Amino acid sequence: KFKIANNFSSLINKQIEISEKLNGDTLTPFPIGKYKVFSDVPSGDRNYRNITAYDAMYDIINADVTEWYESLEFPMTQKDFRDSFFAYWGITQEDTTLIHDDLEIEKTITGTGISGKLIIVCICELNGVFGHINRQGNFVYITLADKTKKILYPRVELYPSNALYSAKTP
């Protein structure tokens with residue numbers, strides 16, 4: 001949400017790209033993100049407009065994608081499935097290889113009311129990742145770093161320890 005002045009026409013459904021100039025650097029502004037304007041309400045005195053905008057994820061999670069799903073030809077790989085989904089939305093995915101990209105999937109649901117949120121959640125859960133729209137408007141997959149391979153947990157000096165888990169009973 002933000003306020004804008006000196007604009008008298010509605011921005012609803014327009015795509016906007018927001019960036020900020022840091023330390024007067026006009027050549028390389030810092031990108032905030034790409035958004036679609038959801039609401040545009042003039043202030044009471046009409047000096048400014050109150051804008052509410054969302055990234056592409058808002059449209060995806062609130063959409064019925066049954067028509068897209070029914071148009072697919074199964075079986076297909078999970079990579080083809082996710083590529084088709086994002087092509088349907090016109091969203092670029094960051095180049096990545098997910099753990100189950102080669103997994104062949106079949107059509108498992110039928111009917112109406114298949115939400116974009118369900119598709120995103122299934123893609124991400126299947127691969128153990130989180131999905132996110134980045135500042136450039138691309139879909140990225142986020143994995144948590146596996147730091148357990150480098151350390152022994154619990155640490156040797158903590159367990160077993162007489163100070164922590166003594167064998168004596170009170």
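Helix H3 (residues 78-89) packs against helix H4 (residues 116-127) at an angle of about 145°, and their axes lie 11 Å apart. Axes here are lines fitted to C-alpha atoms, for helices over the stretch in contact, with angles running from 0 to 180 degrees between N-to-C directions. Helices (H or I, at least four residues) and strands (E, at least two) are DSSP runs, numbered from the N terminus. The model is a predicted one, with pLDDT of at least 70 required for local features and 80 or more for side-chain atom pairs, while totals for chains, interfaces and linings use all residues. Residues are numbered from 1 along each chain as its sequence is written, and side-chain values use heavy atoms, with hydrogens and water left out.

Back to the helix pair: H3 passes H4 in a left-handed crossing, the label used if the near helix is turned anticlockwise from the far one by less than a right angle. On the H3 side, the residues involved are Gln78, Phe81, Arg82, Phe85 and Phe86, and they meet Gly116, Ile119, Ile120, Ile123, Leu126 and Asn127 of H4. Contact means heavy atoms within 4.5 Å. Sorted by type, the residues of this contact come to 7 nonpolar, 3 polar and 1 charged. In that count Ala, Val, Leu, Ile, Met, Phe, Trp, Tyr, Cys and Pro are nonpolar, Asp, Glu, Lys and Arg are charged, and the others, Gly among them, are polar.

Histidine 100 sits in the loop between H3 and strand E6 (104-105) and touches residues from both helices' contact lists. Leaving aside neighbours within four places in sequence, histidine 100 is in contact with Gln78, Leu126 and Asn127. Its C-alpha atom is 7.2 Å from that of leucine 126, although the two are 26 residues apart along the chain. Histidine 100 counts as partly exposed because its relative accessibility is 30%; buried means under 20% relative accessible area, exposed over 50%, and partly exposed in between (1.4 Å probe, protein chains only).Zooming out, the chain has 4 helices and 8 strands, arranged along the sequence as β-β-β-β-α-α-β-α-β-α-β-β. Buried residues account for 28% of its 170 residues. Among contacts between residues at least 6 apart in sequence, 56% join residues at least 24 apart. The chain exposes about 12400 Å², with carbon and sulfur atoms supplying 53% of that; accessible areas come from the Shrake-Rupley method with a 1.4 Å probe, and for residues only the protein chains shown count as cover.

The largest nonpolar core has 24 residues, and those with the most contacts inside it are Trp68, Phe81, Phe85, Ile119 and Phe139. Such a core is a set of buried Ala, Val, Leu, Ile, Met, Phe, Trp, Tyr and Cys residues joined through side-chain atoms within 4.5 Å. Two or more residues come from each of helix H1 (56-61), helix H2 (66-70), H3, H4 and strand E8 (139-142), with H4 giving the most, 4 residues. A second, separate core of 5 residues includes Ile16, Val37, Ile51 and Ala53. Phenylalanine 81 touches Trp68, Tyr69, Leu72, Phe74, Met76, Ile105, Ile119 and Ile123, not counting residues up to four places away in sequence.

Methionine 57, in helix H1, counts as buried because its relative accessibility is 16%. Beyond its neighbours within four places in sequence, methionine 57 is in contact with Gly131, His132, Ile133 and Phe139. The C-alpha atoms of methionine 57 and lysine 117 are separated by 8.7 Å, with their positions 60 residues apart along the chain counted as separation. Serine 19, by contrast, belongs to strand E2 and is partly exposed, at 42% relative accessibility. Its contacts, leaving aside neighbours within four places in sequence, are with Pro29, Phe30, Pro31 and Ile32.

A few backbone details round things off. Most residues other than glycine have a negative phi, and most peptide bonds are trans. The peptide bond from phenylalanine 74 to proline 75 is cis, with omega near 0°, and proline 75 lies in the loop between H2 and strand E5 (76-77). Asparagine 6 has a positive phi, near 60°, in the loop between strand E1 (2-5) and strand E2 (15-20); at 70% relative accessibility, asparagine 6 is exposed. Asparagine 23 also has a positive phi, of about 55°. Its place is in the loop between E2 and strand E3 (30-42), and asparagine 23 is exposed, with a relative accessible area of 84%.
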